[in-house]
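Here are a few exercises to work through with the model open on your screen. Try each task yourself before you read its solution.

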Amino acid sequence: MTSTAHQTLLDRIATKRARIGVIGLGYVGLPLAVEFARQGFDVSGFDVDGSKVSQINAGQSYIPDVPQAELCAVVKAGRLRGTSDMAELAGMDVIDICVPTPLRKTKDPDLSYVVRAVEAVAASLKRGQLIILESTTYPGTTDEVVQPMLESRGLKADADFFLAFSPERVDPGNQTYTTRNIPKIVGGGGPAGTEAAARLYESVVERVIRVSSTRVAEMVKLLENTFRAVNIGLVNELALMCHKMDIDVWEVIDAAKTKPFGFMPFYPGPGLGGHCIPIDPHYLSWKARQNGFECRFIELAGNVNSAMPEHVVERVSEALNTARKSINGSRVHVIGVAYKKDVNDMRESPALDVLELLSKRGAQLSYSDPFVPELRHGGATLHSVDLGEALAAKPDCAVICTDHTVFDYDALVGGDTLIVDTRNALKNRQSPRIFRL
Ligand SMILES: NC(=O)c1ccc[n+]([C@@H]2O[C@H](COP(=O)([O-])OP(=O)(O)OC[C@H]3O[C@@H](n4cnc5c(N)ncnc54)[C@H](O)[C@@H]3O)[C@@H](O)[C@H]2O)c1
């Protein structure tokens, strides 16, 4: 714990002379790299995607949560630069890994991005370096996969180099909670790793929570995201139940959330989206299965949530039926396709499933989403249409999949189009043409 290498690292962190490398400059890595740079560290951002590297070096932000002016300021000040040259990792004191952790088609964890990033780190690992994994993953990844790869050249974790896992909890589009004020969980591969990583984050975020191991830190993140997936599954099931019983589920949730303790509101919708909630619980259930344990809540929530796009299409069918029309041949306009409000992220967006199911049933499709100018659908490219123009063309039905703030909902309700509202975007507006989830 008090080795010279460790003390030197702690001193460099305390005086902000530690050079920080962030691998993977996406939704997680870029905000983190900018925050380190803003707080006075010298930061190198590493990405295999040359276009991201060029944009960073030109001071152009491609992540909505990273304001252009902030990125530009740290690049101009020489505090942040992008590179694709992994050999430069050798010059870093701290390396933070923020690469994707998707699923394979079989829904098993795909650690290939992590493995490639760790291979690059291992190739030039130096005594005294601190390596932190931030990518969401199953408990055991850091000590079973990352640590042996790094130790393969003879250096020992927590003695020669330092290792930690610190889950990223950023919520894209959230204006209140950002990298700086979201508490950071840190679990090291040993006490020296925990201490070094905690001191590093304490110099850039408001609160750091030390936990006893990398496994605990990995599990914290999966608990958080599984909690969301399961509760969203519960309200989605409640929404279907309420529909059968002719009860407004949104009114029920709004009233229930007035309870000042013991209840937290979750909302139904067209299905799960993004890089976290639809994916992370599968990392946990996969690892649990390796240990002979079946995660029944995760499976059940997955079944309910993944069936939601079907229910949305069913509502479209019910809406059209009131006008004696079928989905087949109708012009259906999808409003919002990003996976959530006010972001441009399309990953796992349930709108893609809704589009696919509607098209299989013969609908003619169009969409509006100012955050997503075009998207690939069924081998063709669809282009976003201005919502006003789309409504002027009088589609047979409009489906709100994502309730972006910029949409003119009054104009939508003021027209004579049938509307399926999967997000309660038209709350407090009454019309026989509105069909809620
Ligand atoms: N997006 C979120 O809201 C969010 C929130 C919390 C945690 N996470 C987790 O953070 C991790 C990263 O997610 P993201 O959303 O930032 O992904 P992303 O796809 O936006 O960014 C990942 C970046 O890593 C780069 N990359 C891939 N392999 C690389 C390699 N070997 N070397 C260098 N660069 C490489 C990619 O080119 C890409 O730019 C994932 O594990 C995710 O689960 C994401």
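**Exercise 1. A serine and its surroundings**

Task: List what S368 touches, leaving out residues up to four places away in sequence.

Solution: Keep in mind that you're looking at a predicted model. Start with the contacts: S368 touches H333, V334, I335, G336, S384, V385, D386, L387, A390 and F407, once residues up to four places away in sequence are left out. Next, place the residue: S368 sits in strand β10. Then check how covered it is. Buried means under 20% relative accessible area, and S368 has 1%, so it is buried. Finally, look at two of the names on the contact list. The side chain of S368 makes a polar contact with the side chain of H333, at 2.7 Å. A polar atom of the S368 side chain also lies 2.6 Å from the backbone oxygen of V385.

**Exercise 2. The ligand and its shell**

Task: Find out how many residues surround the ligand and which are the closest.

Solution: Count the shell first: 28 residues surround the ligand, and the closest are V28, D47, K52, T101 and R347. Now sort that shell by class, and you get 15 nonpolar, 6 polar and 7 charged residues. Ask where they come from, too: helix α5, residues 112–123, gives the largest share of the shell, 3 residues.

Then zoom in on the oxygen atoms of the ligand. An N or O atom in the side chain of D47 is 2.6 Å from a ligand oxygen. T101 puts a polar side-chain atom 2.6 Å from a ligand oxygen. With Y27 it's a backbone N or O atom that lies 3.1 Å from an oxygen of the ligand. As a last step, look at the area: the ligand taken alone exposes 830 Å², and the protein buries 92% of that.

**Exercise 3. Two helices and their cover**

Task: Work out why helix α10 counts as largely enclosed by the rest of the structure.

Solution: Go along α10, residues 280–290, and mark the buried positions: D280, P281, H282, Y283, L284, S285, W286, K287 and A288. That makes 9 of the 11 residues buried, so the helix is largely enclosed by the rest of the structure. What do the buried residues of α10 pack against? They pack against α6 (141–151), α8 (214–245) and α11 (296–306). After the helix comes G292, with a positive phi near 75°.

Now do the same with α13, residues 350–360. Its buried residues are P350, A351, V354, L355, L357 and L358. Their cover includes α12 (308–322), β9 (331–335), β10 (364–368) and β11 (374–377). Just after α13, G362 takes a positive phi of about 90°.

**Exercise 4. Far along the chain, close in space**

Task: Find the distance between the C-alpha atoms of A338 and T402.

Solution: Begin with the sequence: A338 and T402 are 64 residues apart along the chain, and their C-alpha atoms are separated by 6.5 Å. A338 is in the loop between β9 and α13. Its relative accessibility is 1%, so A338 counts as buried. Leaving aside neighbours within four places in sequence, A338 is in contact with V343, N344, D345, M346, S349, D369, V372, T402 and H404.

**Exercise 5. Positive phi outside glycine**

Task: Is D246 buried or exposed?

Solution: Some background first. Most residues other than glycine have a negative phi. D246 isn't a glycine, yet its phi is positive, about 60°. D246 lies in the loop between α8 and α9 (249–256). At 73% relative accessibility, D246 counts as exposed. For a second case, turn to K107, with a positive phi near 70°. K107 is found in the loop between β4 (94–97) and α5, and with a relative accessible area of 44% it is partly exposed.

**Exercise 6. The whole protein**

Task: Decide whether the radius of gyration agrees or disagrees with that of a compact globule.

Solution: For 437 residues, a compact globule would have a radius of gyration near 22 Å; the protein has 24 Å, which agrees. The C-alpha atoms fill a box of roughly 80 × 50 × 45 Å along the principal axes. Inside, you'll find 15 helices and 15 strands, and 53% of the 437 residues count as buried. Among contacts between residues at least 6 apart in sequence, 67% join residues at least 24 apart.

Conventions: Residues are numbered from 1 along each chain as its sequence is written. Side-chain values use heavy atoms; hydrogens and water are left out. A residue is near a molecule or strand if one of its heavy atoms lies within 4 Å of it. A polar contact is a pair of N or O atoms within 3.5 Å; within protein, one must be able to donate a hydrogen and the other to accept it, and residues adjacent in sequence count only if both atoms are side-chain atoms. Accessible areas come from the Shrake-Rupley method with a 1.4 Å probe; for residues, only the protein chains shown count as cover. Helices (H or I, at least four residues) and strands (E, at least two) are DSSP runs, numbered from the N terminus. Ala, Val, Leu, Ile, Met, Phe, Trp, Tyr, Cys and Pro count as nonpolar, Asp, Glu, Lys and Arg as charged, and the others, Gly among them, as polar. Buried means under 20% relative accessible area, exposed over 50%, partly exposed in between (1.4 Å probe, protein chains only). Contact means heavy atoms within 4.5 Å. The radius of gyration is taken over C-alpha atoms; the globule rule is 2.2 Å times the number of residues to the power 0.38.
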